[in-house]
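User: I'm new to reading protein models and I keep meeting words like "buried" and "salt bridge". Can you take me through this one and show me how each label is earned?

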Amino acid sequence: MPPALGSASRSRRSVTVVALVLAGLLGLLHAYLTRPFWYDEIWRAHFVSEPARSLWSELTVANTPSAFGWLALTRLCGEVFGWHSWSLRLPGFIALPLLGAAMVVLARRFAGTAAAVVAVLWLCLNSTLLDLATQLKPYAMETAAAVAILLLWMDGPRTGSAAAVDGGSVAVRSPDRARLVRRTAAGLLALLAVPGIFMIVPLAAVDLWRGPARRWRLVECLPALVLAAADTVGFIAHQSSQRNGNYWDRQFLAGRSPMSALRFVGDQVRETVTGSVPGIDRFDPSLLHGAVHGGPLGAVPAVLVALAVAAAGLVGTAALARRPDGRLLLAALGGAELMMLAASAARYWPFGPTRTNLFVVPMIVIVVVVGAERAVHRLAVAAGTRWALPGPEMAADGPNAVALTLPLPGRVSSHPLSGISGSGIAESDGTETPGVAAVAVAAAAGGARRRWARAAVALPVAGIVAWCACGGLTITASLAGSTTLWDHRDRMRGLDRMVDAAVAARQLARPGDVVAVGGRLARPGWLYAMEASDDQPRDPSGLPSNDPAGTPANQRLGSLLPQPAAARTSRGATVPDDGPTSGVVAGRGAAGAAGRPPRVARDDTVFFGGDVPPLAQRLAARPSPPRRLLVFVFDIERAGLAGQLAALPRAGWCPSRSWSFPLTGTLTVYDHCPSAAVRPAGSAAALR
């Protein structure tokens with residue numbers, strides 16, 4: 001088989017093996033696919049599932065922006081397969097094997113098969129990446145899209161009828177259709193990633209810089225630039241409300257003095273180099289993070305690993321800079337980092353090793369792995385050359401010349417002693433002839449040289465051992481959270497009982513009741529759980545009973561009347577008392593699946609907490625007083641809402657029974673207080 005065909009065959013086998021290994025790993029972690037959404041996922045589910053007529057207004061209060069393509073693809077999964085946790089997480093799960101396969105193809109352009117597979121598994125088996133990929137988050141898909149964009153841009157030289165060779169120069173008279181298609185496909189992939197523009201702009205800049213025929217290169221890049229710019233300016237920028245908060249302040253360059261800005265950049269470079277995979281997230285406390293543990297050696301191993309990664313990065317950069325496709329990768333990496341730094345100066349994008357910047361990690365990994373492979377190869381060649389160094393040979397003129405090669409230990413020389421005896425010694429005075437003296441000197445020098453050569457082998461061998469040890473430490477750090485990831489597959493996280501709380505409210509709600517949801521962070525999760533989710537409760541035993549006769553006396557709240565579906569079909573009206581975050585909603589049909597209680601319309605839901613008026617004041621402002629009040633309060637915001645809850649009895653609302661949902665919140669039913677329980681104060685005083 002020709003070498004090229006053999007290399008292609010090995011690459012295809014590597015791609016298949018890596019994809020199957022990663023798919024099998026996700027099969028073992030299938031519990032993550034079906035577990036309930038927690039806070040950092042369920043708010044995304046809300047914006048994905050929001051009806052089209054109110055989606056644009058809802059996106060203005062999104063926690064973080066979503067790319068148009070990712071949102072559309074995830075929404076399609078929900079519409080086709082139902083609004084389940086597994087269906088919305090499916091794109092992220094599928095993205096991981098695709099990322100591994102694309103990484104193999106990209107790494108094989110610059111490194112051997114073994115090094116490419118090591119690079120892919122180093123990244124894709126990283127605990128932090130797996131933690132992100134198994135959640136309803138776009139980062140795994142964005143990373144896979146970034147690698148695919150780079151591959152599409154790395155096409156061959158221009159050929160065909162569009163190019164005419166004339167005196168060694170290429171005269172381009174029209175755009176290359178193949179390049180145009182590939183760049184357009186890259187632009188479409190950029191729609192899947194919020195940072196897609198950080199890839200497209202540097203790659204297009206390289207095309208325009210190289211020349212010749214820049215106008216045709218611009219035409220080829222134009223569709224990708226237009227698609228990425230439209231998504232960024234027209235859709236992503238609309239979701240930039242969080243730049244006004246303080247969550248990402250640590251990762252923003254904005255507001256720093258020149259010296260502080262230099263220290264900030266230096267700190268982020270250090271954090272990038274010392275990651276369990278260089279550049280992996282080290283910011284989000286909710287994720288699993290790996291680290292090099294030195295044991296009794298303390299921080300020494302971590303320092304050595306960081307130095308090895310930095311050295312490999314420098315070697316890899318030098319090696320890639322000598323290749324056109326390598327320079328393209330370096331330009332994409334450097335350009336993306338510079339654009340992110342500039343965006344952080346305007347508070348639009350965090351800089352440094354955060355989950356939002358996961359898309360550059362494959363490029364960093366390839367640079368480091370290429371450098372490590374080059375370094376180990378050179379050390380191995382040096383060690384092999386010195387180990388195989390031949391013994392010294394001395395040539396002497398004259399009839400007594402002897403070609404002497406020192407035998408290896410355990411070997412017997414083939415030269416007979418008679419060859420250097422008798423005729424080689426002067427009979428008159430017993431002195432050695434010049435030929436024999438030269439042989440003796442050569443023998444002594446050869447022994448010293450042999451000892452020096454063998455001693456010199458220790459240096460490259462020690463270097464290889466050191467590189468392998470650092471590689472082992474980094475891989476161990478990358479896999480450090482694997483046990484925790486497996487052990488936590490069934491763990492509870494904040495707000496993951498929101499569906500249970502919403503189902504409980506649906507069971508308790510009667511015509512004329514109002515549901516009040518307390519906590520700014522609880523709003524998107526409650527809307528998804530109440531209006532869209534098709535999932536079953538995680539713990540049905542903790543829900544109110546629909547059978548009053550079977551309800552314990554201390555939980556009995558009266559007859560729970562099922563609400564006719566027609567009374568709950570309106571999700572399209574504006575709720576005038578929901579404040580600035582209300583929005584307009586459209587319904588999928590309020591009555592859930594057969595046998596389930598109907599959904600509570602957004603018209604009958606009040607959200608309180610944050611900057612909106614107090615709950616009691618908003619209830620009093622409704623056109624008609626509620627029959628009953630069902631109040632859900634998010635656990636972590638209960639302390640901040642204590643004053644509003646304490647004001648309810650003064651406003652004539654007394655609690656009758658409550659249900660607690662661990663790590664999520666409490667649902668309490670309030671009835672009208674008996675007249676004696678209400679303070680004899682005016683309505684204005686009761687609302688204070």
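**How the labels are earned**

Analyst: Sure. Let's start with a pocket: helix H3 gives the most to the lining of the largest pocket, with 5 residues. Keep in mind that this is a predicted model.

User: What else supplies the lining of the largest pocket?

Analyst: H3 (39-49), helix H20 (522-531) and strand E4 (605-608) each bring at least two residues. The pocket has a volume of about 1,200 Å³. Of its 40 lining residues, Tyr39, Asn63, Gln242, Arg520 and Leu521 are the closest to its centre. By class, the lining has 19 nonpolar, 13 polar and 8 charged residues.

User: What makes Arg602 and Glu531 a salt bridge?

Analyst: The cut-off is 4 Å between a side-chain nitrogen of Lys or Arg and a carboxyl oxygen of Asp or Glu. Arg602 and Glu531 have N to O at 2.6 Å, so the pair passes. Arg602 lies in the loop between H20 and E4 and Glu531 in H20, so the bridge ties together parts 71 residues apart in sequence.

User: Why is Arg602 called buried?

Analyst: Buried means under 20% relative accessible area. Arg602 has 0%, so the label fits. Glu531, at 4%, is buried too.

User: How do you know that Asp284 and Arg355 form a salt bridge?

Analyst: Same test: their N to O distance is 3.0 Å, which is within 4 Å, so they count. Asp284 sits in the loop between H13 and helix H14 (300-320), and Arg355 in the loop between helix H15 (324-345) and helix H16 (361-387). Asp284 has 4% relative accessibility, so it counts as buried, and so does Arg355 at 7%.

User: And Arg270 with Asp267: why is that a salt bridge?

Analyst: The closest N and O atoms are 3.7 Å apart, so the pair is still within the 4 Å cut-off. Both residues lie in helix H13 (residues 258-273), 3 residues apart, about one turn of the helix.

User: Is Arg270 buried, partly exposed or exposed?

Analyst: Partly exposed lies between 20% and 50%. Arg270 is at 44%, so it is partly exposed. Asp267, at 36%, gets that label as well.

User: How many salt bridges are there by this rule?

Analyst: The count comes to 19. Some link up: Arg179, Arg183, Asp207 and Glu220 form a network.

User: How confident is the predictor?

Analyst: The average pLDDT is 80, and 76% of the residues score at least 70. Over residues 157-169, though, pLDDT is below 50.

Methods
Residues are numbered from 1 along each chain as its sequence is written. Side-chain values use heavy atoms; hydrogens and water are left out. pLDDT is the predictor's confidence in each residue, from 0 to 100. Contact means heavy atoms within 4.5 Å. On a 1 Å grid over the protein atoms alone, a cavity is a set of points where a 1.4 Å probe fits but cannot get out, and a pocket is an open set with protein on both sides within 12 Å along at least five of seven lines; lining residues have an atom within 4 Å of a point. Grid points are joined across faces, edges and corners, and a volume is the space filled by probe spheres set on the points. Helices (H or I, at least four residues) and strands (E, at least two) are DSSP runs, numbered from the N terminus. Ala, Val, Leu, Ile, Met, Phe, Trp, Tyr, Cys and Pro count as nonpolar, Asp, Glu, Lys and Arg as charged, and the others, Gly among them, as polar. Buried means under 20% relative accessible area, exposed over 50%, partly exposed in between (1.4 Å probe, protein chains only).
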